[in-house]
Amino acid sequence: MADLTGLTGGLEYPTLVYQPATSDNLPHETAHQWFYSLIGNDQARDPWLDEGLATWAEAAINGAPPFPNAPIPPDVANKIGEPMSFWDRFDEQRYFLGVYLQTYRALLSLGPRSQIDCALHLYVLHNAYQIARPDDLLNVLETSFPNTKQTLTNYGAHFQLASANRPRHGGEQETGRVATLAALSHQASTLSRDGVV
Ligand SMILES: [Zn+2]
């Protein structure tokens, strides 16, 4: 991390964060080392994937996202899946509320936080070193929450394929892999909870 006192917010680059050292924004910027960096995404088309998941991770460290009880202005309500060409029309606050905070709330509305974290472990395992799309996030969340597509669509997310048509990375063979990854992921979360790692 490079301490840039005077910088408003932070800036993330692969393995590097520019950030005022005293800011509580540090977990968010560090989380970008996973969400957009290790697991890439089209940041112009799908900003909710990296900003929403970085905000989710930030809340895990800080206990809550920034402005947790803020109301969502009607003009940016239920638009999480919109591209930057849409968000560029709004000020930074509306962009934050519409994408960062609303994606956090959309995820939280699916179910228990620990189960969502488990699904996000799968997201990382499946999509590391690749460019993830909304359907990739949907795939892993659906393993725990069958009505993910409807819930996230209500928040304004866009998905490309119907669930039945979405490729499953190789059918039955993949089922075994998902089960193994789920077991590894569960094991990892158990270890972290116990403070072993
Ligand atoms: Zn961010």
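This passage describes a three-stranded sheet and three residues with positive phi in a predicted model.

Because the model is predicted, local features were considered at pLDDT of at least 70 and side-chain atom pairs at pLDDT 80 or more, whereas totals for chains, interfaces and linings use all residues. Residue numbers start from 1 along each chain as its sequence is written. Helices (H or I, at least four residues) and strands (E, at least two) are DSSP runs, numbered from the N terminus. Two strands are taken to pair if DSSP finds at least two bridges between them.

Three strands form an open sheet in the order S1-S3-S2, with mixed pairing. Strand S1 (2-3) and strand S2 (11-13) are the edge strands, each pairing on one side only. In general, the strands of a sheet pair through backbone hydrogen bonds, in either a parallel or an antiparallel manner. Here, S1 and S3 run parallel and are joined by two bridges. Within this pair, Ala2 has Tyr18 of S3 as its bridge partner.

S2 and strand S3 (residues 16-19) run antiparallel and are joined by three bridges. Glu12 is bridged to Val17 in S3, and Tyr13 stands opposite Leu16 in S3. The hairpin of S2 and S3 has two residues between the strands, and Thr15 in this hairpin takes a positive phi near 65°.

The side chains of S3 alternate between two faces. Burial was assigned from C-beta atoms placed from the backbone: a residue is buried if 20 or more other C-beta atoms lie within 10 Å of its own, exposed if 12 or fewer, and partly exposed in between. Val17 and Gln19 point to one face and are buried. Leu16 and Tyr18 point to the other face and are not buried.

Positive phi values also occur in two loops. Most residues other than glycine have a negative phi. Tyr36, although not a glycine, has a positive phi of about 125°. Tyr36 is placed in the loop between helix H1 (26-31) and strand S4 (40-41). Tyr36 counts as buried because it has 23 C-beta neighbours inside 10 Å.

Asn78, also not a glycine, has a positive phi of about 55°. The loop that holds Asn78 lies between helix H2 (47-62) and helix H3 (84-87). With 16 other C-beta atoms within 10 Å, Asn78 is partly exposed.
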